[in-house]
Amino acid sequence: MSLKAEVEALLPNWESWYPSLFHAAEDLGVIRAYVCSPSSLMLSNRHARVRAEAENAFKEQWGGHE
């Protein structure tokens, strides 16, 4: 079910009450914010992890382990 469909199921006339779908979903409890570490939000950290996984997969496939 899409976010819009969930909000419309709970409050069919949400557009007259809220300026955006996000605000309606937040107030109705369909979406919730959660706290995460700032380092997990940095793209450089995410890219480093993806790159490391790709390098490990390459080494496993092509015998690069020492």
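# How the labels are earned

Q: Why does alanine 5 count as partly exposed?
A: In this predicted model, alanine 5 has 30% relative accessibility. Buried would mean under 20% and exposed over 50%, with partly exposed in between, so alanine 5 counts as partly exposed.

Q: Where does alanine 5 sit, and how far is its C-alpha from that of glutamate 26?
A: Alanine 5 belongs to helix H1. Its C-alpha is separated by 14 Å from that of glutamate 26, and the two residues are 21 apart along the chain.

Q: What makes leucine 10 exposed?
A: Its relative accessible area is 53%. The cut-off for exposed is over 50%, so leucine 10 is exposed. Leucine 10 also has its place in helix H1, which covers residues 3–10. Along the chain, leucine 10 and aspartate 27 are 17 residues apart, and 11 Å separates their C-alpha atoms.

Q: How do you know what pattern the protein follows?
A: Just read along the sequence: you get α-α-α-α. That fits the tally of four helices and zero strands.

Q: Why is the protein called more spread out than a compact globule?
A: Its radius of gyration is 21 Å, while the globule rule gives 11 Å for 66 residues. The value is well over the rule, so the protein is more spread out than a compact globule. If you box up the C-alpha atoms along the principal axes, you need roughly 65 × 25 × 15 Å.

Q: What share of the residues is buried, and what makes up the accessible surface?
A: Buried residues account for 6% of the 66. The accessible surface comes to about 5800 Å², and 58% of that belongs to carbon and sulfur atoms.

Q: How do you know whether the span of helix H4 is close to the expected one?
A: Helix H4 runs over residues 43–62, which is 20 residues. At 1.5 Å a residue, 28 Å is expected, and H4 reaches 28 Å from its first C-alpha to its last, so the two are close. Just after H4 comes glycine 63, with a positive phi of about 70°.

Q: What makes phenylalanine 58 and tryptophan 62 an aromatic pair, and is it stacked, edge-to-face or tilted?
A: The structure holds one aromatic pair. The ring centres of phenylalanine 58 and tryptophan 62 are 6.5 Å apart, and pairing needs centres within 6.5 Å. Their planes are at 45°; stacked needs under 30 degrees and edge-to-face over 60, so this pair is tilted.

Q: Why are phenylalanine 58 and tryptophan 62 separated by about one helical turn?
A: Because they are four residues apart in helix H4. An α-helix has 3.6 residues a turn, so residues three or four places apart point the same way. Both phenylalanine 58 and tryptophan 62 are exposed.

How values were computed:
Residues are numbered from 1 along each chain as its sequence is written. This is a predicted model: local features need pLDDT of at least 70, side-chain atom pairs count only at pLDDT 80 or more; totals for chains, interfaces and linings use all residues. Side-chain values use heavy atoms; hydrogens and water are left out. The radius of gyration is taken over C-alpha atoms; the globule rule is 2.2 Å times the number of residues to the power 0.38. Buried means under 20% relative accessible area, exposed over 50%, partly exposed in between (1.4 Å probe, protein chains only). Accessible areas come from the Shrake-Rupley method with a 1.4 Å probe; for residues, only the protein chains shown count as cover. Rings of Phe, Tyr and Trp (its six-membered ring) pair if their centres lie within 6.5 Å; planes under 30 degrees apart count as stacked, over 60 as edge-to-face and the rest as tilted.
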